[in-house]
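Hi everyone, thanks for coming. I'd like to walk you through one model today, so please have the sequence and the structure up on your screens.

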Amino acid sequence: GKGGLGAPNSAPNPMFGARTNCYGCHSEHVTGLKEGEVARATEKTCVACHSERYGEMFGKWKAGVEVTLEDAEKAFADAKKLLDEKTNAAPEARQKAATLLNIAEADLRLVKRGNGIHNVTYTIELLDAVTSHCQQATAALEAN
């Protein structure tokens, strides 16, 4: 729940609060194409400690993060393209847009590197902030 620029502080993942380490969830060993053998979390690991309902929730969380990430990435790409195209916009507007897009890009990078499923609540907060920053950048550029 730390490290983002658009949502600087959030609650930690509940598993962190329960003092569960990585292997509490990442218990299924698989061979990855690039990284060799890795410990992966799956619905089974959720169900083992909780209930069948948690297996369904894992899928919903994962799908929700993927959709929200796609939306945020599109908003970023569209706003970045507009910034590149609006070379004649007022310098203040371009600077404001560039600053907002730098924040959005940093938050996108954090979500991708951290694998959003690790803290779904914080991930959604960050991705919502990304989209908001992109909308603000677009509005600043279009006002000129």
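Let me begin with a word I'll lean on throughout: when I say two residues touch, or are in contact, I mean that they have heavy atoms within 4.5 Å. And please keep in mind that this is a predicted model.

With that in hand, look at Ala 39, which sits in strand E2, residues 36–40. Leaving aside residues up to four places away in sequence, Ala 39 touches Tyr 23, His 26, Glu 28 and His 29. Take Tyr 23 from that group: Tyr 23 and Ala 39 are 16 residues apart along the chain, and their C-alpha atoms are separated by 7.6 Å. Is Ala 39 buried, exposed or partly exposed? Its relative accessible area is 24%, and buried means under 20%, so Ala 39 counts as partly exposed.

Let's zoom out for a moment. The protein has 6 helices and 2 strands, and from the N terminus on the order is α-α-β-β-α-α-α-α. Of its 144 residues, 30% count as buried. If you take the contacts with a separation of 6 or more, 62% of them are between residues 24 or more positions apart.

Now to the helices. Two packed helices are described by the angle between their axes and the distance between the axes, and I have two pairs to show you.

The first pair is H4, residues 52–85, with H6, residues 120–142. Their axes are 9 Å apart and the packing angle is about 20°. Angles under 35 degrees count as roughly parallel, so that is what we call H4 and H6. Their crossing is left-handed. Which residues of H4 and H6 meet? On the H4 side they include Trp 61, Val 65, Leu 69, Phe 76 and Leu 83, and on the H6 side they include Val 120, Ile 124, Leu 127, Cys 134 and Leu 141. The residues of this contact divide into 15 nonpolar, 5 polar and 2 charged.

The second pair keeps H4 and brings in H5, residues 91–114. Here the angle is about 150°, with the axes 10 Å apart. The cut-off for roughly antiparallel is over 145 degrees, and H4 and H5 therefore fall in that class. H4 passes H5 in a left-handed crossing. Among the residues making this contact are Leu 69, Glu 73, Phe 76 and Lys 80 of H4, along with Arg 94, Leu 101, Glu 105 and Leu 108 of H5. This contact divides into 11 nonpolar, no polar and 5 charged residues.

While we're in H6, have a look at Glu 125, which lies in that helix. Glu 125 counts as partly exposed, at 31% relative accessibility. Not counting residues up to four places away in sequence, Glu 125 touches Ala 7, Asn 9 and Ser 10. For Ser 10 and Glu 125, the C-alpha to C-alpha distance is 8.3 Å, with their positions 115 residues apart in sequence.

Last stop, the cysteines. How many disulfides does the count come to? It comes to 0. Cys 49 is exposed, with a relative accessible area of 61%. Cys 134, which we met in the contact of H4 with H6, is buried, with a relative accessible area of 2%.

That's my tour, and I'm happy to go back to any view you'd like. Thanks, everyone!

Terms used:
Residues numbered from 1 in each chain as written. Predicted model: local features only at pLDDT ≥ 70, side-chain atom pairs only at ≥ 80, totals over all residues. Heavy atoms only, no water. Axes fitted to C-alpha atoms, helices over the stretch in contact; angles between N-to-C directions. Helix = DSSP H or I, 4+ residues; strand = E, 2+ residues; numbered from the N terminus. Parallel < 35°, antiparallel > 145°, perpendicular 65-115°, else oblique. Left-handed = near helix turned anticlockwise from the far one by under 90°. Nonpolar A, V, L, I, M, F, W, Y, C, P; charged D, E, K, R; others polar. Disulfide = S-S within 2.5 Å. Buried < 20%, exposed > 50% of the residue type's maximum accessible area, 1.4 Å probe, protein only.
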